[in-house]
Amino acid sequence: MTTTQPAVFERLSVQQWRVREARHRQRADQLTAGWRRRRQTGEANEVEDFLFTYYSYRPALLRRWHPGAGIRLEGASAEPRAQWRWYATDEADVLVDAGALLADRADTVGFVEGLLRRTAARRAKLGCSCLHEWAMVYGMRDGQERHTKLPLRLGHAGTDAVVESSRIECTHFDAFRFFTPVARPLNALQPTRETQTELEQPGCLHANMDLYKWAMKLGPIIPGELLIDTFELAREVRDLDMQASPYDVRRFGLEPVRIETQQGRREFAVRQQSFASRANVLRERMLQAIARARQAASADAVASPPAASGPGESISARRRR
């Protein structure tokens, strides 16, 4: 039976890909060290733990390095990655099977691609002042908060007063859905899952943290270095999210951004703009990775004749699903 090799845009020698893999693992281990230690001791860090509880991806998945689509890893067929989902082997070498992933996750890839593109095209809105976090505790009493071990800087009455004297303009559905029932009508918008692609914009802290989630969902077509970059951004954004929240997080070494003052709101907006710019760079890199995967899959479809596949066949027929 005649088979052809998938599109290859770059070849990495054993030494080259092992160096990149080792660097990736080192970065991942450094970024997850605190979480892994706390899992052993039972400690909690309400700021950082969010990245492992709300985004419920195991550190082991973050530690996996992927080259992205169209890159041949020479001599990798004996490695565990040869058995990973959406990978294929060609004698001693391994590649990401972009065609199989795009076929299996067509809806997810299409949604993420559209969301990234539309979000990046919009102007960042910088007037929210992190009030979504305040709306999540509005009207509550002691013991009802999400983070019961963190004190409210202004107490419940002071927190409520800030909400009542402010204009709330949250554009992010997954933040809005955690608003208290009495806070939801106060939002200028009423985001839904269906309007997510119409409302999301690069000034939103949670939209920028979510780049880590989308990178995870896109799997091995996202290069490992890009995945780690999205996680690093999410960590930094999460710090600001909690610094500007009504909670007192100084015990974690984070000084409050007092958005109840004009100075605090200006500080928040400056940092928000910086994150928006950085996030859009990552969005563009993710879109490029998707485009590369589509290019590789398209080249495969043109080059490969229809054929039944089975164990032991060459790369165009052997799919890791």
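Here are three short exercises on the model above, each with a worked solution.

This is a predicted model, where local features need pLDDT of at least 70, side-chain atom pairs count only at pLDDT 80 or more, and totals for chains, interfaces and linings use all residues. Residues are numbered from 1 along each chain as its sequence is written, and side-chain values use heavy atoms, leaving out hydrogens and water.

**Exercise 1.** Work out how strand 3 and strand 4 pair.

Solution. Strands (E, at least two residues) are DSSP runs numbered from the N terminus. Strand 3 covers residues 87-90 and runs antiparallel to strand 4, with four bridges; pairing takes at least two DSSP bridges. Next, look across: Thr 89 sits opposite Val 94. Two residues link the strands in this hairpin, and Glu 91 has a positive phi near 55°.

**Exercise 2.** Decide whether the faces of strand 4 are covered or not.

Solution. Take one side: Asp 93 and Leu 95 are buried (under 20% relative accessible area, 1.4 Å probe, protein chains only). Now flip over: Val 94 and Val 96 are buried as well, so both faces are covered.

**Exercise 3.** Find the disulfides, then explain the result for Cys 130 and Cys 204.

Solution. A disulfide here is a pair of cysteine sulfur atoms within 2.5 Å. Searching the whole structure turns up zero. Why? For Cys 130, the closest cysteine sulfur is in Cys 128 at 6.5 Å, too far for a bond. For Cys 204, it's Cys 170 at 6.1 Å, also too far. Both residues are buried: Cys 130 has a relative accessible area of 0%, and Cys 204 has 8%.

How values were computed
Buried < 20%, exposed > 50% of the residue type's maximum accessible area, 1.4 Å probe, protein only.
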